[in-house]
Amino acid sequence: MIEQDSLLQEAAAVLRSGKLVAFPTETVYGLGADAANAEALALLYKVKGRPTRHPCIVHLSSLSDLSQWCETVPESALKLGSLFWPGPLTLVLRKAPHVLPELTGGQDTVAVRVPAHKTALALISAFGSGIAAPSANRFGHLSPTSAEHVRAEFGDDVEIVLDGGQCQVGIESTIVDLSTAQPRILRPGMITSEKIFAALSELGLTEVQGKQVDAPRVPGALASHYAPSTPLLLVDSAKLKTVCTKLKQEGEKIALLSISQATLPVESQLSISNNPEIFAHTIYGYLRQLDCSGASVIVVEKPPDSSPWRGINDRLQRAAGQSDTNSEDQDGC
Ligand code: TXA
Ligand code: MG
């Protein structure tokens, strides 16, 4: 049992010594380092293969720890934190002076969240301070949703991988920027913008439309993240048959992930739920499976465009190397 105190104490000691621990969260697995140790952060960026200008999220064990990391705690952060934490929500706030530039990519803001996984919370408590953790994948790859995914990605490069089973949510947290007067969604996720702004409207705050002049730099906004190594095509349900038939004629080996049950001329096929929560929970595991199937192309049936699917569609578009130009979200590199 990973909750065993001795393993958690060992993991906390590894973090204190400036080394890395991978741990489960409810969204995806994180690759953790001491958020207040510049050398540990340098190691984290090196192992992940991530450019140092891409900031990391600090994971805390409770809302009450927020004030240690940001300049001031705005009412909007208290509101969203008390409603959605622990949970799949990250808040970007103006950083406290002592917060390291190595953590924030040199920006004057810091991203924080309280994850809803008992192992993550127990690890943060045992460590006693904030844990910087990007998703536990090499830069540009799919986020891991099981301990096996993390081990396959990093082997011995990570001291300890805490196994907390399959992540319940399955895609990365919603990121909300509260560092300026106008809140903004930087990365859509399973907590929808409607839910966020329903809460913020009680404080008289509304969603900003279009690009903001004083918006924070979005270092991870690359179109081609969350990508399997096999090329991926995102195809509308109505065009699925035509596209697969054409690809087949061109000699492609197709691995299909479909929501509808149609039988199509493909090498392998997996069916995925039309329920957005279940879809999110399973999508990265299925993409990894299809990536290993020997196919020359992965075809994914495009989910609906409605609000509950926004975070999922964002990740699928990035996996396909397409950028959603309307959302100024971040990648989860
Ligand atoms: O669900 C999640 O958010 C997972 C789990 C492990 O917590 N973490 C995750 O981390 O997805 P990562 O590093 O893969 O993605 C975090 C995103 C990056 O695109 C990064 O640029 C953005 O958050 N970010 C971090 N700090 C920021 C800041 N100060 N301002 C704007 N964006 C920031
Ligand atoms: Mg990531």
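# A tour of two sheets and their helices

Select β5 and show its side chains: T109, A111 and R113 point one way, V110 and V112 point the other way, and every one of these residues is buried. Keep in mind that this is a predicted model. The strand covers residues 109–113, and 5 of its 5 residues are buried, which leaves β5 mostly covered.

**Stop 1: the neighbours of β5**

Add β3, residues 57–59. β3 and β5 run parallel and share 3 bridges. Pick I57: its bridge partner in β5 is A111. Now pick H59, which stands opposite R113 of β5.

Next, select β4, residues 89–94. This strand runs antiparallel to β5, and 4 bridges join the two. Label R94 and look across to T109 in β5, which stands opposite.

**Stop 2: the whole mixed sheet**

Widen the selection to the sheet around these strands. It is open, has 9 strands and mixed pairing, and reads β7-β1-β2-β6-β3-β5-β4-β8-β9. Which strands stand at its edges? They are β7 (160–161) and β9, each pairing on one side only.

Bring in helix α3, residues 75–84. α3 packs on this sheet and touches β4 and β8. Compare directions: α3 makes about 160° with β4.

**Stop 3: the β8–β9 hairpin**

Move along to β8 (residues 174–177) and β9 (residues 184–187). The two strands run antiparallel and are joined by 3 bridges. Together they form a hairpin, with 6 residues between the strands. Label D177 and R184: the first, in β8, stands opposite the second, in β9.

**Stop 4: α3 against α7**

Go back to α3 and add helix α7, residues 193–201. Their axes lie 10 Å apart and the helices pack at about 130°. Since that angle falls between 115 and 145 degrees, α3 counts as oblique to α7. The crossing is right-handed.

Show the side chains at the contact. From α3, select S76, K79, L80, L83 and F84; from α7, select K195, I196, A199 and L200. Colour these residues by class: 6 are nonpolar, 1 is polar and 2 are charged.

**Stop 5: α1 against α5**

Select helix α1 (residues 5–16) and helix α5 (residues 118–127). Here the axes are 9 Å apart, and the packing angle is about 60°. At that angle α1 is oblique to α5. Its handedness is right-handed.

On the α1 side, pick L8, Q9, A11, A12, L15 and R16. They meet T119, A122, L123, A126 and F127 of α5. By class, this contact has 8 nonpolar, 2 polar and 1 charged residues.

**Stop 6: the parallel sheet**

Hide the helices and select β10 to start on another sheet. This open sheet has 4 strands in the order β10-β13-β11-β12, with parallel pairing. β10 (232–235) and β12 (268–271) are the edge strands; each has a single partner, so one side of each lacks a neighbour in the sheet. Neighbouring strands are turned against each other by 20° on average, direction ignored.

Zoom in on β11, residues 254–258. It runs parallel to β12, and 4 bridges join the pair. Which residue of β12 stands opposite L257? Select L270 to see it.

**Stop 7: helices on the parallel sheet**

Turn on α8, residues 240–249. This helix packs on the sheet, touching β10, β11 and β13 (297–301). The direction of α8 makes about 170° with that of β13.

Then show α9, residues 276–291. α9 also packs on the sheet, and touches β10, β11, β12 and β13. Its direction makes about 165° with that of β11.

**Stop 8: α9 against α10**

Keep α9 and add helix α10, residues 310–319. The pair packs at about 30°, with axes 10 Å apart. That angle is under 35 degrees, so α9 is roughly parallel to α10. The crossing of these two helices is left-handed.

Finish on the side chains. P276, F279, A280, I283 and Y284 of α9 meet I312, R315 and L316 of α10. The contact has 7 nonpolar residues, no polar ones and 1 charged.

Terms used:
Residues are numbered from 1 along each chain as its sequence is written. Chains are lettered from A and ligands numbered from 1 in the order in which they are written. This is a predicted model: local features need pLDDT of at least 70, side-chain atom pairs count only at pLDDT 80 or more; totals for chains, interfaces and linings use all residues. Side-chain values use heavy atoms; hydrogens and water are left out. Two strands pair if DSSP finds at least two bridges between them. Axes are lines fitted to C-alpha atoms, for helices over the stretch in contact, and angles run from 0 to 180 degrees between N-to-C directions. Contact means heavy atoms within 4.5 Å. Buried means under 20% relative accessible area, exposed over 50%, partly exposed in between (1.4 Å probe, protein chains only). Angles under 35 degrees count as roughly parallel, over 145 as roughly antiparallel, 65 to 115 as roughly perpendicular and the rest as oblique. A crossing is left-handed if the near helix is turned anticlockwise from the far one by less than a right angle, and right-handed if clockwise. Ala, Val, Leu, Ile, Met, Phe, Trp, Tyr, Cys and Pro count as nonpolar, Asp, Glu, Lys and Arg as charged, and the others, Gly among them, as polar.
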